[in-house]
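Student: I have a new structure open and no idea where to begin. Can you walk me through it?
Tutor: Sure, let's take a look.

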Amino acid sequence: MKEFLKQHVYILLGVLCICVMGVLFVTGRMGGSGQPGREAGELLPLVGSLDVTEPERNVDEPPGYVVIHILGEVYAPGVFTLPEGSRVVDAVNIAGGYTVEADLVRVNLAAPLRDAMQIIVPAVGDYSVVASVETSVVAASPGQAEAGLINLNTATLSQLQTLPNIGPARAQSIIDYRESVGGFTRIEELLNISGIGNTIFDRLRQLVVVG
């Protein structure tokens, strides 16, 4: 046996070295973590980690719309559909813009639009047309004629005060006068009211009726 070992000692040492190198190679590939196929220093995924995927964003609902009716001193009066949040100025623009006769002082261009709104753009000096921003058709009250004029014989105190230059005192004087004479027979009788002269009468004559 000893003779055999002496004769084959180099062969045995070579085989032993090969075995040791094989073990070292396999251990290195394991990376000491018991998981084959990972390089040394490679980070492993966290187990039970939170899902950091960004949640799906809600898609905003499409904007709503309003339908409005615009007429008066615009180039293309009619019924239009505009996005919610639009203003009166947007309605004027979609109707072709306002004419040179338009009285913009009596129209609030910044007012927000509402569904079923009616917008009337009056002409300068034409007080027979009342600038309005209405959402529905309202029947004329007893103090108003069908054309939107104030009836001097039936108008209430508050309705008379909607006229230019007519405050509470003058409105009451108009009522006192019609009660004293049994009612107006013509609008020129306004000149009989204290405080109403030719200038004020000229502003009122297109806004009132008798009947």
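Tutor: Start with a charged pair: glutamate 188 and arginine 186 form a salt bridge, with their closest N and O atoms 3.9 Å apart. A salt bridge here is a side-chain nitrogen of Lys or Arg within 4 Å of a carboxyl oxygen of Asp or Glu.

Student: Before we go on, what kind of model is this?
Tutor: This is a predicted model, where local features need pLDDT of at least 70, side-chain atom pairs count only at pLDDT 80 or more, and totals for chains, interfaces and linings use all residues. Residues are numbered from 1 along each chain as its sequence is written, and side-chain values use heavy atoms, with hydrogens and water left out.

Student: Back to that pair. Is glutamate 188 buried or exposed?
Tutor: In between: glutamate 188 is partly exposed, at 30% relative accessibility. Arginine 186 is partly exposed as well, at 48%. The cut-offs are under 20% relative accessible area for buried, over 50% for exposed, and partly exposed in between (1.4 Å probe, protein chains only).

Student: How many salt bridges are there in the whole structure?
Tutor: A search finds three. Another one joins aspartate 103 to arginine 106, with 3.6 Å between the closest N and O atoms. Aspartate 202 and arginine 205 also meet in one, at 3.5 Å from N to O.

Student: How accessible is aspartate 103?
Tutor: Aspartate 103 has 10% relative accessibility, so it counts as buried. Its partner arginine 106 is partly exposed, at 25%.

Student: And what about aspartate 202?
Tutor: Aspartate 202 is partly exposed, with a relative accessible area of 46%. Arginine 205 is partly exposed too, at 36%.

Student: New topic. How many aromatic pairs turn up?
Tutor: The search of the whole structure finds one. Tyrosine 177 and phenylalanine 184 make a tilted pair, 5.1 Å centre to centre with 45° between the planes.

Student: What counts as tilted?
Tutor: Rings of Phe, Tyr and Trp (its six-membered ring) pair if their centres lie within 6.5 Å. Planes under 30 degrees apart are stacked, over 60 edge-to-face, and the rest tilted.

Student: Are those two rings' residues buried or exposed?
Tutor: Tyrosine 177 is buried, at 17% relative accessible area. Phenylalanine 184 is buried as well, at 5%.

Student: Now asparagine 151. Where does it sit?
Tutor: Asparagine 151 is in strand S5, residues 150-151. With 12% relative accessibility, asparagine 151 is buried.

Student: What does its side chain reach?
Tutor: The side chain of asparagine 151 reaches the backbone nitrogen of asparagine 153, at 2.9 Å.

Student: Which residues make a nonpolar surface patch?
Tutor: Leu13, Leu16 and Val20 make one of about 270 Å². Patch residues have over 30% relative accessible area and no salt bridge; like charges are joined within 9 Å, nonpolar side chains (Val, Leu, Ile, Met, Phe, Trp, Tyr) within 5 Å. Leucine 16 lies in helix H1, residues 2-30.

Student: How many helices and strands does the chain have?
Tutor: Five helices and six strands. Both are DSSP runs numbered from the N terminus: helices are H or I with at least four residues, strands E with at least two. From the N terminus on, the order is α-β-β-α-β-β-β-α-α-α-β.

Student: Last one. What share of the chain is buried?
Tutor: Buried residues make up 26% of the 211 residues. The chain exposes about 14,400 Å², and carbon and sulfur atoms supply 59% of that. Those areas come from the Shrake-Rupley method with a 1.4 Å probe; for residues, only the protein chains shown count as cover.

Conventions:
Polar contact = N/O pair within 3.5 Å; in protein donor to acceptor, adjacent residues only side chain to side chain.
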